[in-house]
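Morning, everyone. I have one structure for you today. Let me put it on the screen.

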There are 2 protein chains.
Amino acid sequence: MGDVFKALADETRRAILDELAERDDQTLFEICSRLAMNHGLGSTRQAVSQHLDVLEEAGLIHSERRGRYKFHTLDTSPLAQIAERWHPKDSP
Amino acid sequence: MGDVFKALADETRRAILDELAERDDQTLFEICSRLAMNHGLGSTRQAVSQHLDVLEEAGLIHSERRGRYKFHTLDTSPLAQIAERWHPKDSP
DNA sequence: TTGACATGCAAGTGGCTGCTTGCCTAAGCT
DNA sequence: AGCTTAGGCAAGCAGCCACTTGCATGTCAA
């Protein structure tokens, strides 16, 4: 699952996860404005949209379309295995 | 600490961490041969050396020079904060 | 000291990636 | 219907990054 690591490699994408961790079910424009407000990031709508694609591809967020809005929710389950991959070896 | 995430974004670097998780105090050539044996990676010595620099910059490994050998050891402590950064929010 | 071995340094290159630009689709409101 | 709003698609561009190539440094053994 190298997609998860590559998705986390970008600062803007980590900021998006930060925002979704504070409030779920946010639309694209909500995320855009919150990135500008809370993180000082002036990313374009298309740029954020592409970031959301990468994050969803990695399984870190899920999206659901309701009417003309698309709501995004955080999924932290792929992060669990990261810390556990390089466990210090227990000698037998 | 974006360096940690960027360091983990590369497959070869993750394989290096895998090898160091199994045995500490490995030299550059040991790591090279183990990458070829266990992971099927035909990386050059210089390529692996640069990967080791990135990993050390990120604080994921430490190195110690003894004579003409340089031994590398794994340090998993930067990984702890990763899983804890996007904790599900506890409602007050 | 001489040679072999382990590693370091630095410039150059190809491919990936984040971002922009421009246009398009679709849903809701009046 | 007509307009606005939320989002999607795709091509192009610039910077970064992993890798190579060639040479240099330093250490041990004979």
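I will take the two chains, then each DNA strand, then a hairpin and one histidine.

A word of caution to begin. This is a predicted model. Every value I quote is computed.

Start with the two protein chains. How does chain A lie on chain B? A turn of 180 degrees does the job, with a shift of 0.0 Å along the axis. The RMSD is then 0.0 Å. The two copies are therefore related as by a two-fold rotation axis. Both copies use the same surface as well: 100% of the contact residues of chain A recur in chain B.

Now DNA strand D. How many residues surround DNA strand D? The count is 21. The closest come from both chains: Phe29(A), then Arg13(B), Thr44(B), Gln50(B) and His51(B). By class, this surface has 9 polar, 8 charged and 4 nonpolar residues.

Which elements build it? From chain A, α3 (28-39), α4 (45-57) and β2 (69-74) each give at least two residues. From chain B, α2 (11-22) and α4 (45-57) do likewise. The largest share is that of α4(B), with 4 residues.

What part of the DNA do they meet? Take the atoms of DNA strand D within 4 Å of the protein: 66% belong to sugar or phosphate, and the rest to bases. Here are three individual contacts. The side chain of Arg45(A) has an N or O atom 3.0 Å from a base oxygen of DNA strand D. Lys70(A) goes to the backbone of the DNA instead, with a side-chain N or O atom 3.0 Å from a phosphate oxygen. From chain B, a polar side-chain atom of His51(B) sits 2.2 Å from a phosphate oxygen of DNA strand D.

Over to DNA strand C. Which residues come nearest here? There are 22 around this strand, and the nearest are Arg13(A), Thr44(A), Gln50(A), His51(A) and Phe29(B). Sugar and phosphate make up 64% of the atoms of DNA strand C within 4 Å of the protein. The surface near DNA strand C has 10 polar, 8 charged and 4 nonpolar residues.

Look at chain B on this strand. Leu28(B) places a polar backbone atom 3.2 Å from a phosphate oxygen of DNA strand C. Phe29(B) also has a polar backbone atom 3.2 Å from a phosphate oxygen. Arg45(B) reaches a base: a polar atom of its side chain lies 3.0 Å from a base oxygen of DNA strand C. As for elements, α2 (11-22) and α4 of chain A give two or more residues to this surface, and so do α3 (28-39), α4 and β2 (69-74) of chain B.

Next, the hairpin in chain A. Strand β1, residues 61-66, pairs with β2(A) in the antiparallel sense over 6 bridges. Ile61(A) stands opposite Leu74(A). How many residues lie between the two strands? There are 2. Gly67(A) is in that turn, and has a positive phi of about 65 degrees.

Last stop, still in chain A: His72(A), in strand β2. Is His72(A) buried or exposed? His72(A) is buried, because its relative accessible area is 3%, against a cut-off of under 20%. Its contacts beyond four places in sequence include Leu20(A), Asp24(A), Leu28(A), Ile31(A) and Leu52(A). Ile61(A), His62(A) and Ser63(A) are also among them.

That is the tour. Over to you.

Key
Residues are numbered from 1 along each chain as its sequence is written. Chains are lettered from A and ligands numbered from 1 in the order in which they are written. This is a predicted model: local features need pLDDT of at least 70, side-chain atom pairs count only at pLDDT 80 or more; totals for chains, interfaces and linings use all residues. Side-chain values use heavy atoms; hydrogens and water are left out. Copies are superposed by least squares on the C-alpha atoms of residues with pLDDT of at least 70 in both. Contact means heavy atoms within 4.5 Å. A residue is near a molecule or strand if one of its heavy atoms lies within 4 Å of it. A polar contact is a pair of N or O atoms within 3.5 Å; within protein, one must be able to donate a hydrogen and the other to accept it, and residues adjacent in sequence count only if both atoms are side-chain atoms. Ala, Val, Leu, Ile, Met, Phe, Trp, Tyr, Cys and Pro count as nonpolar, Asp, Glu, Lys and Arg as charged, and the others, Gly among them, as polar. Two strands pair if DSSP finds at least two bridges between them. Buried means under 20% relative accessible area, exposed over 50%, partly exposed in between (1.4 Å probe, protein chains only).
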